[in-house]
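Here are my notes after a look through this one. Have the model open while you read, as the points jump around a bit.

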Amino acid sequence: MEQLAIVLIGLIFLMGLMVPLLRPLFKNYTGRILALVPFALFGALTILFFTLPDQTSRIIETGFGFLPEMQFTFRIDGVSLIFGMMVSGIGGLVLGYSSFYMAKYAGRTKFYFFLVLFMGAMLGLVFADNLLALFIFWELTSITSFFLIGFDHDKEKPRQASLQALLLTAFGGLCLLFAVILIGNLAGTYSLSELYDKGFRFGAHSDYHLVFLLVSVAVATKSAQFPFHFWLPGAMNAPTPISAYLHSATMVNAGIFLLLRLNPVLGGTILWKSALILAGGITMFIGAFFALGQKDLKRILAFTTISALGTMVMLIGMNTSASIKAALIFFIVHGLYKGGLFMVAGIIDKNTGTRDIDKLGGLLKTMPITSIAGILALLSMSGLPPMLGFIGKELIYDAKVQIPELSWLVIPLGVAANMMMVAISVLVFYEIFLSRRNKKPIALKQPEKRLPGNFLAGPVALALVGLGLGMAPGWLEDTMANAMYFIQSEVVDIDLALWHGFNQVLLLSIFTVAMGVLIFVFRRPIGKLVRIIIGWTDQYHLPDHFNKLIKNYLSFAGKHTNRIQHGYHRYYLMTFFAATFVLVIYQLFSADDGWFPVKQVSPLQIHVIVVLLVAMMGVIFAIFTKSRISAIISLGVLGYGISVLYMLYGAVDLAITQFLAETVIMVIFVMVIYHLPDFAVLSSKKSRVRDALIAAGVGVMITLIVLKARFINLETPVSEFFAENSFLEGHGRNIVNVILVDFRALDTLGEITVLGLAAAGVFSLLRFDLKDKNTKK
Amino acid sequence: MKNLILEKIVTLFLYIMVGFAFFLLFRGHNRPGGGFIAGIIASAGFLLYGIVFGSEKVLEKLRTNPRYIIGSGLLISFIATILPMMFGNPPLTGMWFDVAGLYLGSPLLFDIGVFVLVFGVIVSIFTNIMDVLKWNS
């Protein structure tokens with residue numbers, strides 16, 4: 001079964017890649033057919049869910065990886081099962097849901113392509129055992145979500161939102177990479193199971209602060225924690241199925257998942273507690289607070305997601321068994337109700353054309369099924385029985401009450417945030433599903449009965465699961481206990497029940513609900529107040545500041561790039577030559593055996609001297625001639641002179657090549673020269689002196705290098721190996737050619753690639769006029 | 001201006017150069033020659049042909065765009081690179097077949113790739129230059 005689950009994850013990736021081929025085949029059924037794979041995975045995971053023994057994890061080696069340290073090994077334990085089931089189950093529902101929702105959109109192939117790949121990446125992330133593999137999947141979710149958020153790429157807002165999300169989460173991903181490498185180096189292993197087995201704890205290590213900082217930045221950017229929370233509301237610009245998926249079980253919860261995974265390794269220190277509780281607490285509060293002031297249903301939901309994420313981070317930060325238990329349950333609760341609510345918002349949007357809670361109303365009568373699913377989800381969100389949300393909230397309060405040293409801070413914050421959540425739930429319930437006063441009746445595009453079943457199935461199924469788990473939370477206990485074992489590395493008994501008796505926690509709940517209703521009753525003055533505060537904080541609107549930062553950074557980079565990349569070929573050459581000259585001469589001077597080798601120079605023969613003199617005269621003539629063509633021809637003399645030298649020293653192949661290349665160059669030169677303007681001296685005397693100095697310097701440098709290279713004695717010269725093996729191994733008597741195509745063929749492969757690129761460069765340089773003709777710019 | 005004698009000579013010369021290039025290509029393993037040299041020689045034949053007839057005639061003679069020649073050269077060399085990997089050897093391992101005392105092998109294929117690519121690069125460069133100069137057209 002474990003293998004099957006991993007194979008199914010692979011199949012999801014494969015399906016994602018094959019979407020462009022599958023869609024013409026299945027047409028409008030693509031979404032529903034693609035949904036079969038996640039559902040199958042969900043089924044396999046369910047079986048594992050009920051059969052996984054306590055305190056065990058299953059490690060599956062695929063034997064596939066990029067490096068010895070980077071193997072795609074997967075682990076199945078309580079944590080990955082809970083997350084994996086949410087990801088695959090909601091993923092399947094979302095796919096079925098989008099089948100109808102996206103029916104009228106263009107680019108559905110792209111949509112399914114990225115959605116399914118995103119699902120696969122998320123599942124890989126959840127099940128990964130190797131930290132580097134986890135990082136790769138983490139980055140994959142960032143990239144695919146970038147395309148999903150920016151799906152309506154012809155509009156300004158989604159583009160900006162997706163870029164913002166990408167920049168932030170990719171920045172976090174970079175931090176995660178550093179953190180992973182640090183952990184791997186310090187612990188000597190990248191495998192989570194080894195880290196767990198050895199009981200590795202970083203708490204006391206001197207680099208702990210750095211690792212923690214990097215991990216927390218990764219988590220905060222991915223899971224939208226203060227002060228990086230601002231990208232999440234923007235991400236709701238995506239089509240609703242995407243929002244439903246990103247907000248409920250995936251993407252933003254990846255950070256939560258990472259915290260749970262690393263809790264045994266990094267958790268439990270003062271820094272961990274204080275930083276996470278602080279960030280989580282602030283995020284929880286401001287998320288709920290900002291949600292109160294919104295009018296757009298999706299925006300309201302987006303801000304409540306931020307609040308929920310803050311709650312989870314805070315709970316993990318507390319790091320008691322009660323709080324981790326609460327965080328796990330709350331993850332399930334939140335996934336169920338948030339996925340359902342977003343889908344409900346999508347259905348309402350599709351069927352009425354608006355998401356404004358001021359315009360909507362009385363939907364309970366006109367769209368009963370949607371409304372009931374929505375109301376159940378709202379009950380869960382406000383933490384009322386008999387939903388799972390009630391258990392979640394009780395556990396959260398329980399966890400908060402149990403840490404006396406911090407309860408003075410977390411209880412007021414938590415109660416306040418929950419009050420606002422209750423108020424929001426009641427408000428949404430009242431405004432959308434009940435109220436019809438003072439509102440124009442809203443017209444439905446089609447009666448609810450005509451909506452396809454798979455469109456309504458998503459929210460209904462999620463609401464029913466929430467309800468069912470609320471009634472019978474016992475099903476979760478075994479897997480929860482397993483997960484707790486791997487998060488807290490201790491055996492915890494889990495006893496979930498709807499009714500815990502009349503105690504302090506229940507009192508807090510009742511108080512919260514009462515205050516929430518009170519806020520709802522005074523919603524008008526409170527809403528006004530909240531909007532005033534939001535208006536005031538808008539001058540510190542973080543997305544704008546972020547955009548400004550990026551813009552300034554780009555212009556800064558542009559300015560400096562222009563300074564370095566000025567576009568003058570001669571200055572590039574000059575910089576290059578001068579820099580090389582300085583570095584090489586410095587190196588030569590600092591060498592031990594002096595910089596001018598004098599020993600072992602064999603005497604020059606007379607005919608070599610003659611050739612050299614002719615070649616040198618060619619160069620000198622080329623410098624002082626007043627005609628361009630004679631300059632080129634005299635340079636040709638130099639080239640031929642060099643090939644004669646090759647010939648004299650027995651390098652026939654080199655000589656032939658040099659002759660031929662020189663000839664071709666001369667012919668092409670002569671062809672071009674005809675069309676160049678008259679030869680004129682445009683440079684000043686000063687610049688010519690400077691150029692002469694640089695040229696002479698480089699000449700001297702090359703001469704010294706060549707002379708010096710001659711006297712470097714390797715133990716056994718490599719040429720002997722070539723000479724010996726050329727015929728035996730390479731079956732060729734021409735050593736040069738055997739070296740080129742056999743011994744050193746990789747170099748040749750690189751060189752011919754460069755040649756091909758050079759031809760492409762020549763083409764694009766010469767044919768820049770084609771651009772104007774072919775493409776409008 | 002048309003010059004019949006020149007045109008005939010250049011056409012003949014083209015075939016001689018290409019033939020000579022193939023000769024050098026195949027003997028390159030034992031005596032001076034090889035893909036690089038052969039590529040330059042073959043393209044030199046086309047260069048002269050182009051000077052007399054213009055670049056369009058060169059392309060006509062080639063029957064294809066030099067870009068594709070460059071690409072196929074690279075592809076041939078690349079095939080020679082990965083071919084040994086299919087047999088479990090490291091890339092670029094020389095593989096030899098003894099055909100009646102004549103050794104043929106993947107290095108030859110590699111050399112042919114070099115030849116095709118060098119030929120394509122030079123032809124592509126000079127035909128582009130000729131087009132820009134509107135040489136003989």
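The points below go through aromatic contacts, the main pocket, the cavities and the annotated spans.

1. First, a reminder that this is a predicted model. Local features are taken up only where pLDDT is at least 70, and side-chain atom pairs count only at pLDDT 80 or more.

2. Aromatic pairs: there are 37 of them over all chains. One to look at is F50(A) with W475(A), an edge-to-face pair with centres 6.5 Å apart and 90 degrees between the planes. F50(A) belongs to helix α2 (residues 30-51) of chain A, while W475(A) sits in the loop between α19 (453-471) and α20 (477-488), so to speak a long-range link: the two are 425 residues apart. Both F50(A) and W475(A) come out as exposed.

3. Now set that beside F290(A) and F303(A). Their ring centres are 5.8 Å apart and the planes make an angle of 20 degrees; stacked means under 30 degrees, so this pair is stacked. F290(A) is in helix α12 (residues 270-292) and F303(A) in helix α13 (residues 297-318), so the contact ties together parts of chain A that are 13 residues apart in sequence.

4. Are these two rings buried or exposed? With the cut-off for buried at under 20% relative accessible area, F290(A) counts as buried at 19%. F303(A) is buried too, at 7% relative accessibility.

5. There is also an aromatic cluster worth displaying as sticks. Its members are Y97(A), F100(A), Y101(A), Y105(A), F111(A), Y112(A), F151(A) and F455(A). One of them, Y101(A), has K350(A) over its ring face, at 4.3 Å from the ring centre. Elsewhere in the list of charges over rings, R523(A) lies over the face of F520(A), at 4.6 Å from the ring centre.

6. On to the largest pocket, with a volume of about 1,200 Å³. Its lining takes in 27 residues, and those nearest the centre are I623(A), S683(A), R688(A), D691(A) and A692(A). Two or more lining residues come from each of α24 (569-590), α25 (606-624), α26 (628-648) and α28 (685-710) of chain A. Which element gives the most to this lining? That is α28(A), with eight residues. By class, the lining has 18 nonpolar, four polar and five charged residues.

7. For enclosed space, the count is four cavities of 30 Å³ or more. The largest cavity holds about 140 Å³, and 19 residues line it, with F330(A), M381(A), K393(A), I396(A) and N418(A) closest to its centre. Helices α13, α14 (321-352), α16 (368-382), α17 (388-401) and α18 (404-434) of chain A each give two or more residues. The largest share, five residues, is from α17(A). Here the lining splits into eight nonpolar, nine polar and two charged residues.

8. Finally, the annotations. An unreviewed UniProt entry places "transmembrane region" at residues 12-29, 35-55, 67-88 and 108-129 of chain B. In the model, residues 12-29 are 89% helix and 0% strand, with end C-alpha atoms 27 Å apart. Residues 108-129 of chain B are 100% helix and 0% strand, and their end C-alpha atoms lie 32 Å apart.

9. For chain A, UniProt (again an unreviewed entry) puts "domain: NADH-Ubiquinone oxidoreductase (complex I) chain 5 N-terminal" at residues 70-112. That span is 67% helix and 14% strand, with 29 Å between the end C-alpha atoms.

Note on methods. Residues are numbered from 1 along each chain as its sequence is written. Chains are lettered from A and ligands numbered from 1 in the order in which they are written. Side-chain values use heavy atoms; hydrogens and water are left out. Rings of Phe, Tyr and Trp (its six-membered ring) pair if their centres lie within 6.5 Å; planes under 30 degrees apart count as stacked, over 60 as edge-to-face and the rest as tilted. Helices (H or I, at least four residues) and strands (E, at least two) are DSSP runs, numbered from the N terminus. Buried means under 20% relative accessible area, exposed over 50%, partly exposed in between (1.4 Å probe, protein chains only). A charge sits over a ring if NZ of Lys or CZ of Arg is within 6 Å of the ring centre and within 35 degrees of the ring normal. On a 1 Å grid over the protein atoms alone, a cavity is a set of points where a 1.4 Å probe fits but cannot get out, and a pocket is an open set with protein on both sides within 12 Å along at least five of seven lines; lining residues have an atom within 4 Å of a point. Grid points are joined across faces, edges and corners, and a volume is the space filled by probe spheres set on the points. Ala, Val, Leu, Ile, Met, Phe, Trp, Tyr, Cys and Pro count as nonpolar, Asp, Glu, Lys and Arg as charged, and the others, Gly among them, as polar. UniProt positions are given in the numbering used here, feature names are shortened, and annotations may be inferred rather than shown by experiment.
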